[in-house]
Amino acid sequence: MCVLNIQMLVTKGNSENMEFIGLKVTSKVIQQTALSNAQEQIAVAQVPDHLKDVFAGLNKSNRQRIRIGSVLELGVGDTHAIWGTHNEGSEDFKNLYSLLSGYPDKVFSFALEFL
């Protein structure tokens, strides 16, 4: 598996103490979005072990705001995906989806913060 590590750190920080999340857009999702933009989703491919329970508890009525790469803010309302429908009107989601879908099935690693 190819992992691309992108750290868009705007402020100075200690990356040794940072959490990271692996995200990707799958080929299957790209095929599905050709039929309906409502299917746009970014897969959560990697999460630190000690945060897996946090993500396991997320759903459409229990959402979590996150910031990745110290810049992009997203809403997460699913255990394994960040859905476009949970981020209506979000330029951050659109831009991230556009970037990741240009590299189907490749995992990008981003610094992660909970908001």
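This is a short tour of one predicted protein model, stop by stop.

**Before you start**

Residues are numbered from 1 along each chain as its sequence is written, and side-chain values use heavy atoms, with hydrogens and water left out. As the model is predicted, local features need pLDDT of at least 70 and side-chain atom pairs count only at pLDDT 80 or more, while totals for chains, interfaces and linings use all residues.

**Stop 1: the nonpolar core**

Select I21, L23, I42, I68, I82 and L96. These are the residues with the most contacts inside the largest nonpolar core, which has 23 residues. A nonpolar core here is a set of buried Ala, Val, Leu, Ile, Met, Phe, Trp, Tyr and Cys residues joined through side-chain atoms within 4.5 Å. Buried means under 20% relative accessible area, exposed means over 50%, and partly exposed is in between (1.4 Å probe, protein chains only).

Now colour by secondary structure. Helices (H or I, at least four residues) and strands (E, at least two) are DSSP runs, numbered from the N terminus. Which elements each supply at least two residues of this core? They are β2 (19–24), β3, β4, β5 (72–76), α3 and β7. The largest share, four residues, comes from α3.

**Stop 2: two neighbours in strand β3**

Zoom in on I42. Leaving aside neighbours within four places in sequence, I42 is in contact (heavy atoms within 4.5 Å) with L23, K24, V25, H80, A81, I82, F93, L96, Y97 and L100.

Next, select Q41, found in strand β3 (residues 41–46). Is Q41 buried or exposed? Its relative accessibility is 16%, so Q41 counts as buried. With the same neighbours in sequence left aside, Q41 is in contact with V25, V29, A81, I82, W83, F93 and Y97.

**Stop 3: aromatic rings**

Show the rings of F93 and Y97, which both appeared in the contacts of Q41. A pair of aromatic rings is described by the distance of the centres and the angle of the planes. Rings of Phe, Tyr and Trp (its six-membered ring) pair if their centres lie within 6.5 Å; planes under 30 degrees apart count as stacked, over 60 as edge-to-face and the rest as tilted. The count comes to four aromatic pairs. One of them is F93 with Y97, a stacked pair at 6.0 Å centre to centre and 20° between the planes. Both residues lie in helix α3 (residues 91–101), four residues apart, about one turn of the helix. F93 and Y97 are both buried.

Move on to F108 and F110: their ring centres are 6.3 Å apart and their planes are at 15°, so this pair is stacked. Both F108 and F110 are buried. Add Y103 to your selection, and you have a cluster of Y103, F108 and F110 linked by ring pairs.

**Stop 4: salt bridges**

Side chains of opposite charge can pair when their charged atoms come close. In a salt bridge, a side-chain nitrogen of Lys or Arg is within 4 Å of a carboxyl oxygen of Asp or Glu. The count comes to four salt bridges.

Select R67. R67 forms a salt bridge with E73, the closest N and O atoms being 3.0 Å apart, and another with E113, at 3.3 Å. The R67–E113 pair links distant parts of the chain: R67 is in strand β4 (residues 64–68) and E113 is in strand β7 (residues 107–114), 46 residues apart. Salt bridges that share partners join R67, E73 and E113 into one network.

Finish at K52 and D49, whose closest N and O atoms are 3.1 Å apart in their salt bridge. K52 is partly exposed, at 44%, whereas D49 counts as exposed, at 63%.
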